[in-house]
Amino acid sequence: MATPAAQQVGAGKKPEKPRKVYKRFQSPGDRLFDLFNFIFLSLLVIFTLYPFLNTLAVSLNNANDSIRGGIYLLPRDFSLDNYKYVFQEATIFHATLVSILRTVIGTIVTVFCSAMVAYTISRPEFLLRRFVTVTFILTMYLNGGLIPNYLLMRDLDLIGSFWVYIVPGIIGVFNMIVIRSFIEGLPEGIIESARIDGAGEFRTFMQIVIPLALPALATVALFTGVFQWNSWFDVFLYNSEKANLSTLQYELMKMLANSNSNSSMTSASAFANSANASANFVTPTSIRATMTIVASLPMIIVYPFLQKYFVKGMTVGGVKG
Amino acid sequence: MRSQETAAVPSAPSAEPGKVGRWFRTLSKQKALVLMSVPFVIWIFIFKYVPLWGWTIAFQHYRPNLGMFEQEWVGLEQFRFLFSDDSFLRVLRNTLAMAVIKLVLGFVTAIALAILLNEVRIAFFKRAVQTISYLPHFISWVVAANIISTALSIDGGIVNELLMWLGIIDRPIMWLGVGHYFWGILGASEVWKDVGWNTIVYLAAMTMIDPSQYEAAEIDGANRMQRIQHITLPGLKPVIIILLIMNLGNILETGFEPQYLMGNGMNADYSENLEIFVLKYGISMGNFSLATAAGIFKTVVSFILLFGANSLAKRLGEQRLF
């Protein structure tokens, strides 16, 4: 949406220089403000991080010792048994594989397809350009809703299949617009000269546009990857009866549901009481903490390094969408 | 959306046969581009436009075993039933309450945090706070709900321990077991997860404010609060209004995951929203028609709100979305 405000943000004049931290006289009020600001933001950091660190500590603590409570930031009786147990459990190991598979395949397919359509609608001479663009953009505002989508998946026979994770999302309209904006910003001469040298459209796309648009493709890949890794609702809706298509997030969701239902002999505790478990001394609580860490760790490790891409995509998409 | 894009599909095939011929000749020269895009147009037609036809089942007494044209049409009966159903009205109340809490809390906290971050003069500290505050955005709601329910638990959850240590409560409270706490817990959870992420847009807008304005204000003797009030906030106003309009259009999209994951039998009266109603009636009970009717109701209200907010902004002479 090229909104007026957004244009102001994006196309507005760039600041000539990064905002200087101008040296100046500081009034007592200013210093007080700085102090309170520092304290407040530090509290925010603690408020954000503490739950993660606490979960990590519980997952690295001996399960029987955790029952006593009182574990805050550091494990009291360090042990890797919880992790050993989780990865020895066939269900979870398999679910991890499915999670990785859908993240990798889903990301590659979505990035490639979105980029290809984005390229065609960035070509000014393409006769169907406006038709294709409008067809895609309208879907951002129209949505059939849960039930019609469910019935469609049923009619297409996608229920109970791995492809229900991939096919409904092969093009993200938002992603496509981010890539198109980027391609339109490339110097026009580059694509033209490839064409004069005799390269066809597809070759131009593969050999010129993809390498040049890598920053935009990275942004889209990251958004898609996070989305795929974190999805659980499609598993729940379409594949809840297919144990071999379960994902890590869905397994964790089942554990949460069981702990919420508060009954004494739920499947999570049955899980923990299985023969393997009693030998390793694990409890539902410690398994849940361990799974929480396993399910979030890839994102937590990856995102600080890719932060600039995320932020860029967020502002580009918001501005030029 | 750009206005040129909302214009009609190519009007090229006009009355003259010569023109039509030329149009097709040009198109056949562009067959590579056609092959690269048209398959995906077919894909989007199947996956996004065909389900729109599914809206018709809200006006039927849908039976899955019958074909598309053998269904019994019942007019607005499903809608009439919906509005006489107590559980639907309760779900509607929950949805509205969650929507308002989410909108107000989401805006206020994100703008406040962006302003505070903008005032930090130590670059390293600012970057560190930003990076950490984005973190919860990248985890799934499943993970977040696990973490939150652990923090709120009665045996050793940090929230209860902290409140007891401070002497505010004298015995642990089962936070997720008391219905009327749910809206507050949901609001707080959403702030925890997304407040950092939501500052990005505002921080980007702040970099566009001319630094000389701050310098001039300072020379004129304006203090910190006055500079925030008279320079930063007015600078953010266009972005705030646009986001407000967009969010009003989505106001009934109160999400589904946190309510579903943190909801339980004890707080169901307060945690069930429209999406859960649709899921419960549609998928679990197989009443597709009623569930679709509830979904349509949501979409129609969203559209009315979107256009209403937009024309209100127009009348007030503010920025608008379209």
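The following exercises, with worked solutions, concern a predicted model and treat the contact between chain A and chain B.

**Exercise 1. Describe the extent of the contact between chain A and chain B.**

Step 1. Count the participants: chain A contributes 104 residues and chain B contributes 99 residues.

Step 2. Consider the area. The size of an interface is often given as the accessible area lost when the parts come together. Between chain A and chain B, about 9,600 Å² is buried, and 73% of this comes from carbon and sulfur atoms.

**Exercise 2. Identify the salt bridges across the interface of chain A and chain B, and place them among the polar contacts.**

Step 1. Recall the principle: side chains of opposite charge can pair when their charged atoms come close.

Step 2. Apply the cut-off of 4 Å between a side-chain nitrogen of Lys or Arg and a carboxyl oxygen of Asp or Glu. The rule yields two salt bridges across this interface, whereas a search of the whole structure finds 16 over all chains.

Step 3. Examine Asp34(A). Its side chain meets that of Arg121(B) in a salt bridge, at 3.2 Å from N to O. This pair runs from helix H2 of chain A to the loop between helix H5 (86-119) and helix H6 (123-134) of chain B. Asp34(A) also forms a salt bridge with Arg224(B), in which the closest N and O atoms are 3.0 Å apart.

Step 4. Count the polar contacts: 16 residue pairs are in polar contact between chain A and chain B, both residues being at pLDDT 80 or more.

Step 5. Characterise the side of chain A that touches chain B. Helix H2 (residues 28-59) gives the most to this side, with 17 residues. By residue class, the side comprises 68 nonpolar, 23 polar and 13 charged residues.

**Exercise 3. Determine how helix H8 and helix H11 of chain A pack.**

Step 1. Take the geometry: H8(A) (residues 173-184) and H11(A) (residues 214-230) pack at about 170 degrees, with axes 9 Å apart.

Step 2. Classify the angle. Angles over 145 degrees count as roughly antiparallel, and therefore H8(A) is roughly antiparallel to H11(A).

Step 3. List the residues that meet: Asn175(A), Val178(A), Ile179(A) and Phe182(A) of H8(A) face Pro215(A), Ala216(A), Leu217(A), Val220(A) and Thr224(A) of H11(A).

Step 4. Sort these residues by class: seven are nonpolar, two are polar and none is charged.

Definitions and conventions
Residues are numbered from 1 along each chain as its sequence is written. Chains are lettered from A and ligands numbered from 1 in the order in which they are written. This is a predicted model: local features need pLDDT of at least 70, side-chain atom pairs count only at pLDDT 80 or more; totals for chains, interfaces and linings use all residues. Side-chain values use heavy atoms; hydrogens and water are left out. Contact means heavy atoms within 4.5 Å. Buried area is the accessible area (1.4 Å probe) that two parts lose on being put together, summed over both. A polar contact is a pair of N or O atoms within 3.5 Å; within protein, one must be able to donate a hydrogen and the other to accept it, and residues adjacent in sequence count only if both atoms are side-chain atoms. Helices (H or I, at least four residues) and strands (E, at least two) are DSSP runs, numbered from the N terminus. Ala, Val, Leu, Ile, Met, Phe, Trp, Tyr, Cys and Pro count as nonpolar, Asp, Glu, Lys and Arg as charged, and the others, Gly among them, as polar. Axes are lines fitted to C-alpha atoms, for helices over the stretch in contact, and angles run from 0 to 180 degrees between N-to-C directions. Angles under 35 degrees count as roughly parallel, over 145 as roughly antiparallel, 65 to 115 as roughly perpendicular and the rest as oblique.
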